[in-house]
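User: I am new to this structure and would like the terms used for it explained. Please go through them one at a time.

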Amino acid sequence: MTLLGERLSTEQVRTTSAHTQQTRTDPLRADRLRIDQADAAQKTALPAALVAISHGTSSADGQAAITALVDAVALARPDLGVAGGFVDVQQPDVAASLGALRPNRAAVVVPLLLSAGYHVHVDLQRETCVPGRVTTVSRALGPDGRLIDVLEHRLHAAGFTALPGREVVLAAAGSSDKRAVADCRRIGEMLAERLGVRVTVGFLSAATPRLACAVTEARLRSGSVTVSTYLMAPGFFFDLTRAQSVGAELVTAPLLVPGAPVPAPLVDLVIDRYLEAKANLGLF
């Protein structure tokens, strides 16, 4: 073979070898590129929005108290794009609250409701079925020990002391849904365990015993009765609580008080309900 022929043969071997090596490494490079792109997308994707939905009220004090809670949650977790809305009475409603989000953003609806009744099991499930958007509804806020923390704080702020013979009546809104009634009774049991005194539950609507009857019966057993208000904020039901608490020495404020600091346990509870629901659905 001539010298030129040897050189050409050598170059052909080198070219073939380089081509073979590139063929072998290109799939690896492509796989690595796909992984890098997926990682980048995951890092830049927005987390599911937290949409806090309360019942709604015509009370200005109640509206201010709920707004303060939503604002406190947004301040604690600015990365979640916290938004508020209402299932009844006020606007924006659930559809409008979800519609204000970016079209491709997932959402976790957190009911700012103390028990899981019709609104949680029916209304919110129906109203969050939005085509093209991943949504889920978290559990209601109660029962939870952090609600007991706030109830206890409100009792002490009203001047209550847990002495033998004293009774507490827990004033709850009431519901036709047995699950919601059971949730309220469980809160009553938890509060009794915390305080070490007898606690009965009185309902303002739909369930029995009614609050006025529960207060009267407690009064027959005890010379000192305190009504612990198990409501989120001032409004119609709080006015009814005070009207039906004749015979009680003390009536506590709702969990949220307009103009007062939002209880940290409530902020933590809302965020935890969001995180739990998001994890259950496998959202980022």
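Analyst: What follows explains some terms applied to this predicted model.

User: What does the secondary structure of the chain come to?

Analyst: The chain has nine helices and eight strands. Of its 284 residues, 44% are buried.

User: What makes helix 2 and helix 9 roughly perpendicular to each other?

Analyst: Helix 2 (residues 60–76) and helix 9 (residues 264–281) pack at an angle of about 70°. Angles from 65 to 115 degrees count as roughly perpendicular, and helix 2 and helix 9 are therefore described that way. Their axes are 10 Å apart, and helix 2 passes helix 9 in a right-handed crossing.

User: Which residues make the contact of helix 2 with helix 9, and how do they divide into nonpolar, polar and charged?

Analyst: Helix 2 contributes Leu69, Ala72, Val73 and Ala76, and helix 9 contributes Leu266, Val267, Val270 and Ile271. They divide into eight nonpolar, no polar and no charged.

User: Why is the pair of Phe236 and Phe237 called edge-to-face?

Analyst: The count comes to one aromatic pair. Ring centres must lie within 6.5 Å to pair, and those of Phe236 and Phe237 are 5.5 Å apart. Planes over 60 degrees apart count as edge-to-face; the planes here are at 70°, so the pair is edge-to-face.

User: Why does Phe236 count as exposed, and why does Phe237 count as partly exposed?

Analyst: Exposed means over 50% relative accessible area, and buried means under 20%, with partly exposed in between. Phe236 has 60% relative accessibility, so Phe236 counts as exposed. Phe237 has 30%, so Phe237 counts as partly exposed.

Note on methods. Residues numbered from 1 in each chain as written. Predicted model: local features only at pLDDT ≥ 70, side-chain atom pairs only at ≥ 80, totals over all residues. Heavy atoms only, no water. Axes fitted to C-alpha atoms, helices over the stretch in contact; angles between N-to-C directions. Helix = DSSP H or I, 4+ residues; strand = E, 2+ residues; numbered from the N terminus. Parallel < 35°, antiparallel > 145°, perpendicular 65-115°, else oblique. Left-handed = near helix turned anticlockwise from the far one by under 90°. Contact = heavy atoms within 4.5 Å. Nonpolar A, V, L, I, M, F, W, Y, C, P; charged D, E, K, R; others polar. Phe/Tyr/Trp six-rings, centres within 6.5 Å; stacked < 30°, edge-to-face > 60°. Buried < 20%, exposed > 50% of the residue type's maximum accessible area, 1.4 Å probe, protein only.
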